[in-house]
Amino acid sequence: MSHSPTTIPEHHPALVHQFDSMEQQREASTFGMWVFLLTEIMMFGGLFAAYLIYRIKYYDAFVAGSTSIDVTWGFVNTLVLIGSSLTMALAVSAAQRGARRGAQLFIVLTMILGTVFLGIKGIEYHQKYVEHHIPGGIFGRFDAVSNYPGQEPNIAEEVAKEKERVEKLSPEAAEQASKQIAKQTEIFFCFYFAMTGLHALHMIIGLILMTWLLVQVQRLNIGPEYYTPVELSGLYWHFVDIVWIYLFPLLYLINRTHAK
Amino acid sequence: MSTAAQTVKPVMPARHYLNDNYGIRSWLLTKDHKRIAVLYLFSITFFFFIGGIFASLIRLHLLTPNGELFQADTYNKMFTMHGVNMIFFFLIPSVPAVLGNFIIPIMVGAKDLAFPKINLMSWYIFMVGAFFSLYAMVSGGVDTGWTFYTPLSSGFVHTNVIVMAVGILFAGFSSIFTGLNFIVTVHRMRAPGLTWGRLPLMVWANYAASLIMILGTPVLAITLILLALERGFHIGIFDPKLGGDPVLFQHMFWFYSHPAVYIMILPGMGVISEIVTCFSRKRVFGYAFVAFSSIAIAVFGFVVWAHHMFVAGISVYSAMVFSLLSYAVAIPSAVKVFNWTATMYKGSVKLDTPMLYALGFIGLFTIGGLTGLFLAALGLDVHIHDTYFVIAHFHYVMVGGMVMAYLGGLHFWWPKMTGKLYPEPVAKLAALITFIGFNLTFFPQFILGYMGMPRRYAMYSPEFQVLNVLSSAGASILAVGFILPALYFTWSLKYGEVAGDNPYKATGLEWQTTSPPPTHNFDVTPVVTEDPYHYGAEEEVTVVP
Amino acid sequence: MQSLPLFPEQASTVAGQVDALYLFLVLITTFFSLLIAILIIYFAIKYRRTPERTAEQIHGSTLLEIVWTVIPLGISMVIFLWGAALYFHIQRPPGNALEVYGVAKQWMWKFEFPGGQREINSLHVPTGRPVKVTLISQDVIHSFFVPAFRVKSDVLPNRYMTSWFEATTPGTYHLFCSQYCGTKHSGMIGEVTVMKPEDFAAWLESGKAEGSMAASGEKLFQQYGCTTCHRPDSGARGPNLEGLYGRPVRLQDNRVVIADDNYIRESVLNPNAKIVSGFQPIMPTFQGVVSEEQMLQIIAYIKSMADQTGQPLNNRSTPTQIRDTEVPNVQQQMQQDQNQKPSGKQP
């Protein structure tokens with residue numbers, strides 16, 4: 001084994017000591033972000049698997065749960081997030097070209113859209129709170145059969161209509177059926193809040209990341225030789241977007257009954 | 001061998017990573033992988049002794065069949081705390097975070113890991129997890145067993161399950177970041193000439209373990225989160241009274257926890273490859289087979305989880321598939337054992353302390369691994385599942401295997417990490433004491449298990465007492481074997497002989513730099529032109545031992 | 001063998017087979033462990049470091065690698081097949097087994113025989129006849145373990161599990177709970193007493209005070225108003241349960257399931273999960289009303305109605321229960337359904 005002196009590394013100010021070249025740094029950093037996203041896929045994947053198992057097991061209750069969450073808001077949120085991925089991609093592209101102002105503008109737009117997403121999620125969560133659909137009884141009682149004036153019809157009724165049972169149910173049996181489904185619907189909402197909550201947490205982290213990034217674009221002389229922070233933040237943001245692309249159909253869309 | 005040898009008495013290098021910078025800040029804000037390894041060394045040694053204290057109390061309590069030392073609740077907390085601490089806060093980080101962090105960048109010829117700040121962050125995350133775990137312990141403990149089966153853990157016990165789950169969650173994230181760092185480093189930062197086929201087997205083994213870390217640990221994370229939600233908010237994900245499925249918890253839990261045992265053992269196997277080659281002065285037998293067996297273990301390790309559930313209510317057909325795959329995962333481990341043994345053939349063997357630990361590993365891991373075959377045999381597992389047979393099996397692979405590998409590695413690289421030699425005669429004695437104490441402690445447990453003594457029993461039937469006493473006696477000897485290294489390693493820091501760059505005349509990039517290494521590892525980036533373990537080259541300068 | 005206790009007593013038909021597999025594995029383990037140990041000690045001595053000899057740098061041997069991969073693989077396959085065959089046998093109770101019902105709770109075992117005999121932390125069984133224990137937990141997961149019989153089964157809440165054995169040697173043997181279940185897990189033990197058939201029969205006689213399980217179940221059946229809907233006449237709002245137990249039932253969505261213990265339990269606790277074809281989903285749930293022991297008694301009662309085959313089941317125009325003549329066709333269809341879809345069993 002022989003030793004040979006290294007070539008003098010290009011002393012880009014952003015080159016850190018453990019890497020020999022900017023290219024190696026960029027490749028390693030990007031690879032590292034992909035590996036990290038892989039771990040995130042495994043985490044959400046575990047949650048999704050559990051959700052799907054229960055969806056098969058408690059089909060009716062989960063249908064009822066899906067029906068009761070607002071698909072319009074969910075759709076708007078999907079558009080918002082896709083839009084934010086567009087602005088993020090534009091930010092990366094601007095950074096790549098060295099257009100720092102442009103990059104910062106697009107990052108700000110991404111943040112605005114991300115905040116809009118969280119705001120809409122807040123509206124949806126508030127709706128659930130008001131309808132007493134938050135499981136566990138910590139934020140008020142859980143009541144799948146409650147009726148809030150002007151809001152979605154009660155869940156048991158929805159299911160009953162779906163199965164054309166409503167005229168054949170005795171009042172007592174209807175109540176019993178509702179209780180069964182209510183308990184299972186509570187599990188649906190547990191997954192709803194766990195999945196959207198974990199996703200929202202990642203969004204919040206994403207927003208913090210974007211704030212940091214705004215500063216970095218200025219400080220670090222982002223340009224064609226070095227735009228890795230923007231690229232990696234973009235990867236993270238796109239990932240969070242893709243998780244929502246899975247969440248939306250899984251929670252809102254599959255086997256949805258027609259709401260009134 | 002040369003007759004006109006020049007002998008040079010080794011001296012400590014003037015500047016190295018330990019004295020480059022002084023002060024608490026230089027340690028707590030370090031980005032140097034070597035210093036981070038030392039930080040981890042302190043942390044996990046602390047938890048090893050905590051877990052060891054619980055083990056000692058358990059063995060004391062089990063001297064009598066009627067459980068007179070502690071109340072049942074206290075005993076239940078002790079075996080839980082023993083398991084949680086040993087697994088999550090000692091075994092999983094042991095070789096990767098201490099030895100791997102220190103050695104792997106040097107082994108691949110890099111100045112540091114790919115992401116030094118993330119490396120430091122992983123230690124802080126570990127410490128946060130450690131804090132939660134300690135808090136859970138002192139404020140009442142946890143008594144669910146380290147497996148946290150539901151609905152017991154989600155709805156019945158009144159202990160600090162959520163706090164402990166959070167602690168384990170953090171420890172898991174620490175392990176994810178360590179694994180991520182290793183993977184990127186091995187892929188992107190190898191020195192010129194260092195192809196995958198020239199990597200030391202320590203790197204292969206840690207790489208394979210890192211794959212498991214990043215893929216499996218997130219599933220544990222989500223399982224613990226769901227458990228905490230269920231416990232905190234009374235939701236019925238795993239609790240049947242609320243509509244949940246307790247067997248689903250077991251599937252999700254074991255999906256991580258089975259690969260976790262391979263996270264624990266693979267790095268140890270990497271250490272063994274390094275030691276056996278060095279102390280046989282011979283290249284490893286069947287390099288490619290040993291390297292790929294690490295990957296095979298990682299892959300197969302992911303598809304055998306339900307062998308923990310043969311009597312838990314899975315279908316017979318499902319059980320058969322998992323049993324078959326469990327035999328498949330045993331084969332690569334067997335291949336390694338045969339290759340290590342063959343490495344010694346026609347070698348030039350010196351039984352220094354690291355080699356003693358390595359040989360102990362090979363013997364005890366063989367026994368432990370073979371007893372895994374008992375458990376994988378469906379009809380037999382019905383009888384021995386959840387008995388002391390299982391306990392004996394996993395202690396053979398984890399303590400007789402992994403802890404001995406860790407100690408062997410610590411002894412092997414101690415001169416490199418500290419620049420000092422530990423006292424060889426005492427170390428050999430400690431290794432022998434550990435080996436004897438270990439077998440005396442755990443071999444009787446195989447018999448106890450087959451006789452039917454269930455695990456996690458605070459009281460047991462009187463006919464089991466003789467073997468329990470034997471086991472506890474062995475434990476007291478084992479404790480001595482573990483305490484001695486702590487003492488003489490500390491002693492060696494001040495009074496040990498200076499080691500010199502390469503006291504064992506080993507190959508490998510880490511031995512081509514000073515002991516201790518400089519902060520930046522290499523003055524010039526090495527270029528690798530030879531296979532690993534290229535023993536058989538003559539040494540021109542002998543170093544006075 | 002008491003002076004050298006290595007095995008529990010062999011007190012069931014399967015114990016000897018389990019011990020044989022164990023012994024085989026012990027031999028394999030001993031052989032390979034000794035082989036490796038002897039080799040490394042031998043090599044360490046024979047090839048110890050001396051100044052005169054240097055190590056020979058051997059790269060490897062593909063042939064050897066293949067040999068020591070294939071041979072362990074072969075041995076493993078033998079062990080696997082042996083273990084799997086034994087497991088198959090252990091997990092499937094024979095048809096003519098004596099039924100016992102067990103309820104596990106923190107921290108005791110409660111058993112009941114069809115004849116109404118009850119025991120706590122103790123179980124009497126005869127020799128020479130298979131015994132099937134149907135188990136359920138009232139709270140957390142427990143595990144039913146009788147080392148002398150070499151049988152074990154986890155006991156789950158909300159789901160019946162079965163364990164069967166045929167005892168061979170009269171005596172008293174340990175029953176242990178072997179799934180950690182809380183504070184008194186190690187105190188949740190009992191005694192299985194194996195008796196010769198005559199003695200067992202006598203013991204059964206002496207314990208009949210409360211009436212058989214089926215009789216208790218019949219009382220509950222009336223007490224909870226089940227007879228209001230579940231009647232044999234044509235106007236009944238619920239399916240007739242006579243002759244139901246163990247037979248295929250066609251559901252509303254055209255699935256066909258077997259009316260076993262778990263089916264009956266689910267129908268009582270979650271009636272809308274499986275609606276019988278031709279009936280309306282009007283049955284109320286009895287969750288929280290019926291205890292585990294009562295559930296077992298009701299099931300015993302419904303089982304006791306199984307003997308009335310051949311009687312007209314009901315006179316409804318839409319047949320709901322499968323008549324005897326249709327059974328082969330239905331079983332064929334069930335087989336096809338099973339081949340196409342994953343079974344509804346636990347994943």
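The following paragraphs lead through this predicted model, from chain A to the cores, cavities, salt bridges and unusual backbone geometry.

Chain A offers a convenient starting point. It contains seven helices and one strand, and their order along the sequence is β-α-α-α-α-α-α-α. Of the 260 residues in chain A, 52% are buried.

The interior may be considered next. In soluble globular proteins, nonpolar side chains tend to be buried together. The largest nonpolar core in this model has 323 residues, and C:Phe144 and C:Phe149 are the members that touch the most others. Residues of this core come both from domain 1 (1–47 + 63–92) and from domain 2 (98–206) of chain C, and the core therefore lies between these two domains. There is also a second, separate core of 32 residues, with C:Phe221, C:Ile299, C:Tyr301 and C:Ile302 among them.

The model also encloses empty space. Six cavities of 30 Å³ or more are counted, and the largest cavity holds about 110 Å³. Its lining consists of 14 residues, and those nearest its centre are B:Phe88, B:Ile92, B:Pro93, B:Ala171 and B:Ser175. Two elements of chain B, helix H3 (72–107) and helix H6 (161–188), each give two or more residues to this lining. In terms of class, the lining of the largest cavity comprises ten nonpolar and four polar residues, with no charged residues.

Charged side chains form another theme. Side chains of opposite charge can pair when their charged atoms come close. Over all chains, the whole structure has 18 salt bridges. One of these joins B:Asp531 to B:Arg283, with 3.1 Å between the closest N and O atoms. B:Asp531 belongs to the loop between strand E2 (526–527) and strand E3 (541–543) of chain B, while B:Arg283 belongs to the loop between helix H8 (246–278) and helix H9 (287–301) of chain B; the pair therefore ties together parts that are 248 residues apart in sequence. The two partners fall into separate burial classes: B:Asp531 is partly exposed, at 33% relative accessible area, whereas B:Arg283 is buried because its value of 14% lies under the 20% limit.

A further salt bridge links the side chains of B:Lys428 and B:Asp352, at 4.0 Å from N to O. Helix H14 (residues 424–451) of chain B carries B:Lys428, and B:Asp352 sits in the loop between helix H10 (316–344) and helix H11 (353–376) of chain B, so this pair ties together parts that are 76 residues apart in sequence. B:Lys428 is partly exposed, with 30% relative accessible area, whereas B:Asp352 is buried, with 10%. This pair is also part of a wider arrangement, for B:Lys350, B:Asp352, B:Glu424 and B:Lys428 are linked in a network of salt bridges.

Chain C supplies another example, in which the side chains of C:Arg255 and C:Asp253 meet in a salt bridge of 3.2 Å from N to O. C:Arg255 is partly exposed at 31% relative accessibility, and C:Asp253 is also partly exposed, with a relative accessible area of 49%.

The backbone itself deserves attention at the end. Most residues other than glycine have a negative phi, and most peptide bonds are trans. Against this background, B:Ser515 and B:Pro516 are joined by a cis peptide bond with an omega of about -5°. B:Pro516 is located in the loop between helix H15 (465–495) and E2 of chain B. In chain C, the peptide bond from C:Gln106 to C:Trp107 is likewise cis, with omega near 0°. C:Trp107 occupies the loop between strand E1 (98–105) and strand E2 (108–112) of chain C.

Positive phi values occur in chain B. B:Asp386 is not a glycine, yet its phi is about 60°. This residue is in the loop between helix H12 (378–384) and helix H13 (388–418) of chain B, and B:Asp386 is buried, with a relative accessible area of 6%. B:Asn521, also a residue other than glycine, has a positive phi near 65°. B:Asn521 lies in the loop between H15 and E2 of chain B, which is where B:Pro516 is found as well. With a relative accessible area of 0%, B:Asn521 is buried.

How values were computed. Residues numbered from 1 in each chain as written. Chains lettered and ligands numbered in written order. Predicted model: local features only at pLDDT ≥ 70, side-chain atom pairs only at ≥ 80, totals over all residues. Heavy atoms only, no water. Core = buried A, V, L, I, M, F, W, Y, C linked by side-chain atoms within 4.5 Å. Buried < 20%, exposed > 50% of the residue type's maximum accessible area, 1.4 Å probe, protein only. Domains from an automatic or database assignment. 1 Å grid on protein atoms, 1.4 Å probe; cavity = no way out; pocket = protein on both sides within 12 Å on 5 of 7 lines; lining within 4 Å. Points joined across faces, edges and corners; volume = space filled by probe spheres on them. Helix = DSSP H or I, 4+ residues; strand = E, 2+ residues; numbered from the N terminus. Nonpolar A, V, L, I, M, F, W, Y, C, P; charged D, E, K, R; others polar.
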